Amino acid sequence: MLPTRPNHFLGLARLASPRTTQICKPGVFPRFSSTVVEPVPRRPFHRARLAARYSGYLVLSTVFGVFAVGTGILIHDAFTYSEKHVDRVPVSPLALHPECGGPKNLPIVRVQVDDEDDEENATLAQKPKLVIVGGGWGAMGVLKTLHVGDYHVTVVSSETFTTFTPLLPSAAVGTVQVRSLIEPIRKIIARLRGHFVQGKAIDLVMKDRLLEVETMTANGKAAHFYIPYDKLIIAVGSTSSTHGVPGLENCFQLKTIADAQAIRRRIMDNFEMASLPTTSPEERKRLLSFVICGGGPTGVETAAEIDDFCQEDIFNYFPKICREEVSIHVVQSREHILNTADSVVQKKFQRSGVNLITSSRVAEVTKDAVSYTTKENGKTVKHTIPTNFVLWSTGIAMNPFTQRVSDLLPNQVHKKAIVVDSHLRVLGAPLGEVYCIGDSSTVETSVVSHFMELVDEADKNKDGKIDYKEWEFMVSRIKSRIPMSEDHLVDVRTLFDMYDKDKDNILSLNELVPLLQDVEQRLTSLPATAQVASQEGKYIGRKLHKLARKADVVETSNVSSPAPRDEDVSGPFRYLHLGSLAYIGNAAVFDIGGYSLMGGLAAMYAWRSIYWNEQVSVRTRGLLMIDWIIR
C-alpha cells in the first residue's frame, strides 16, 4: 500500500505553484523553488472599475474647480459692488466760475472741480501743476513712473482712453477686439489722484505759463479756456506726411481706434459686395484689391493681417472665388522694407502672394485706383492699380499743436518735430518748464551750432587753439550735450590726429570746424517708435519725481536757494535700443543687435508675449489673451 502525503504538504504545494501541478513520484516529496510566479491576469470588470474611479475623480475635481471659481467671483462681487452715497460735495467757487485772463481773456482753470473732494486732493492742489498733453506711449511712460504726491497732475487729450497702437492692424481685421487695446485714462491717473480734460491743445502762452485748450460743448460749439502749468509735457504724437500726393482724402490711415474700425467696415463691405452675383468680374477684382502705401511696420503688418484674414475667415465663410481674386500690394519708395529685415519679409510675402513694389512713388490716389511711378531704363513709367481700399502709412509730419509751438520759438527750424536738448527740454522755451517727448520731438544732433560755446569752455588758456587735453575736455562736453555722439567719439586720439593737418599737436579753429561737421553728419535722429516714446516718458517721470523730492527738501529746510535744475538730479537721456519686431503672417521677424531673425509659430508666440507684457493693465492682458485663443 502506497504511503499517503500529509495534508499540510499538499497545501504548501498549492501555495508554491498556483498555476501548475507538480507530479511527484510515490514516496517523494515535492521540491520548492524560488522561481517567479506569473501574476494572475486581471479580469475585465476590474479595469472598468479602475477607469470609472479615475473618471469620477476627474468629474469631482472639475465640479470642485467650477464651484471654487464661482465662489471666488461671488466673493469678489460682494466686496466690489457696493452702494456709495455722495452728500454735500465741497466745490470751490473758482472751479465753477473761473476768472478770465490771459492774452485772449479766456477762463483760467486754476482750480479743478474735484480739487476739494477730500483732504488728499486738497493737499495736492497746493503742489506744482504738471500738465501732460496727449495720451499715448510717452504720456503713459510719465504716468507710470511718477509718484503720488509729486505734482498736481492734469492730462489733456482728445481721446478718453489710451490705445495700444502696435496691435491696431490686428484690430482692423478683427483678430483682436477694440476693447482689448484701450484703457481709460481716468483709470490710469487715479493712482496719482490726477485730473483729466477731454480736449485738444491749440496754443501756448509761455510767459504766463498758460495752455489754451479747445473743447466741445453740449450744443456742439467749441469752447476755449486756459489751463495754468508749472511744468508742461508735450506728447501729442504726429500725423502722417502727405509728400504732396493729391487725393489722400481717399485713403485710410491707421493711428487711432476710429481708423481701425473704419478699415474693418470697408474690408467687410468689399467682400460682401464681391460675393453678390450681380458684381462683374472687373468690379470684383477692384473690390478685392488692397493697396498699402508704405513699407514700414504699420504697412507690413497690415498687409500680413489682411492676408491672414483671407486665408482663414474668407476661405471658410465666403465663396472661394473671393479668395482667388484677392490681391494685396505694398508700394514702397525705397529699395527695401522694414530696414534690415527686407530679404526675410520679401521671401515670406512671395510665398503668401503679397505683391511688393519697391523703388516706386505714389503719384495720385483716386476713388477707384492708385497711380505710382517707377524708373525703367532711365525713364519714368506710370502704373495704375484699380482698388477700393488704400492705406496711407508713409512718414510723419507735425501735429497742429506741435507746429504752433515750433512757430512760437525762433530757433525751432526742424520740419517734422520740436527740437529738444539731451534732457528733453524744448529749445528756446524757459529752461525746465516745457518738455517734449515721443513722435512730436527730436533730440538735438547739431554740434556745429554749439561751436563757440564748446571752444569757450575747452580753451583754457584762451589762445584760440585746442590742444589734445582741451580736445578731451571738449569731447566730454559734446557727449553730455548730445549722448548719441558717444558711439562716434570713441577713439578721440585717432580723430584728433586725422584733422591735425600740420601735425603740431594743436587744432586750429579751421581744423576743428570740419572735425565737428564730420561728427555731426554721422549722427542720426531717434526713430519715431513707441519704444523711444515710452523710454522718454519714463525718463521724464523719474526725473520729475526727483525734482519734486528735492524741492520738498529745500522747502522744509527754510533755506533760500535756487530751484533744483534737471542737471542736479539726472543725467541726459540715453536711448537703449531693445530691438524691433513685426508680424508677417503666422510668423514674426525680429531685428536684434543688427541681426534679423524670422520664425514660425514659436516666433509669433514670442511676438505676442512681448506685446502682452507691454499692456497697461491686467484687464487688457486678459482680454487680449482671450482674443488670441478664440480668434
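1. Three strands form an open sheet in this predicted model, arranged in the order S16-S17-S18 with antiparallel pairing. The edges of this sheet are taken by strand S16 (360–365) and strand S18 (379–386), each of which pairs on one side only. From one strand to the next the twist averages 30°.

2. Within that sheet, S16 and strand S17 (residues 369–376) run antiparallel and are joined by five bridges. Across this pairing, glutamate 364 stands opposite serine 371 in S17.

3. A further open sheet is built from five strands in the order S7-S4-S3-S11-S22, and here the pairing is parallel. Strand S7 (195–198) and strand S22 (434–436) stand at its edges with a single partner strand each, so that one side of each is left without a neighbour in the sheet. When direction is ignored, neighbouring strands of this sheet are turned by 20° against each other on average.

4. At the S7 end of the order, four bridges join S7 to strand S4 (residues 152–157), and the two strands run parallel. In this pairing valine 156 stands opposite valine 197 in S7.

5. The five-strand sheet also has a helix against it, since helix H5 (residues 137–145) lies across strand S3 (129–133), S4 and strand S11 (231–234). The direction of H5 is at about 150° to that of S3.

6. For the helix pair H15 and H16, it helps to recall that two packed helices are described by the angle between their axes and the distance between the axes. Helix H15 (residues 468–481) packs with helix H16 (residues 492–499) at an angle of about 120°, and their axes are 11 Å apart. The two helices are therefore oblique to each other, and H15 passes H16 in a right-handed crossing.

7. On the H15 side, the contact between these helices is made by Tyr468, Trp471 and Val475, while H16 contributes Val492, Arg493, Leu495 and Phe496. Sorted by class, the contact of H15 with H16 has six nonpolar residues, no polar residues and one charged residue.

8. Taken as a whole, the protein has 21 helices and 28 strands. Its radius of gyration is 36 Å, well over the 25 Å that the globule rule gives for 631 residues, and the protein is therefore more spread out than a compact globule. Along the principal axes, the C-alpha atoms fill a box of roughly 140 × 75 × 75 Å.

Terms used: Residues are numbered from 1 along each chain as its sequence is written. This is a predicted model: local features need pLDDT of at least 70, side-chain atom pairs count only at pLDDT 80 or more; totals for chains, interfaces and linings use all residues. Side-chain values use heavy atoms; hydrogens and water are left out. Axes are lines fitted to C-alpha atoms, for helices over the stretch in contact, and angles run from 0 to 180 degrees between N-to-C directions. Angles under 35 degrees count as roughly parallel, over 145 as roughly antiparallel, 65 to 115 as roughly perpendicular and the rest as oblique. A crossing is left-handed if the near helix is turned anticlockwise from the far one by less than a right angle, and right-handed if clockwise. Contact means heavy atoms within 4.5 Å. Ala, Val, Leu, Ile, Met, Phe, Trp, Tyr, Cys and Pro count as nonpolar, Asp, Glu, Lys and Arg as charged, and the others, Gly among them, as polar. Two strands pair if DSSP finds at least two bridges between them. The radius of gyration is taken over C-alpha atoms; the globule rule is 2.2 Å times the number of residues to the power 0.38.
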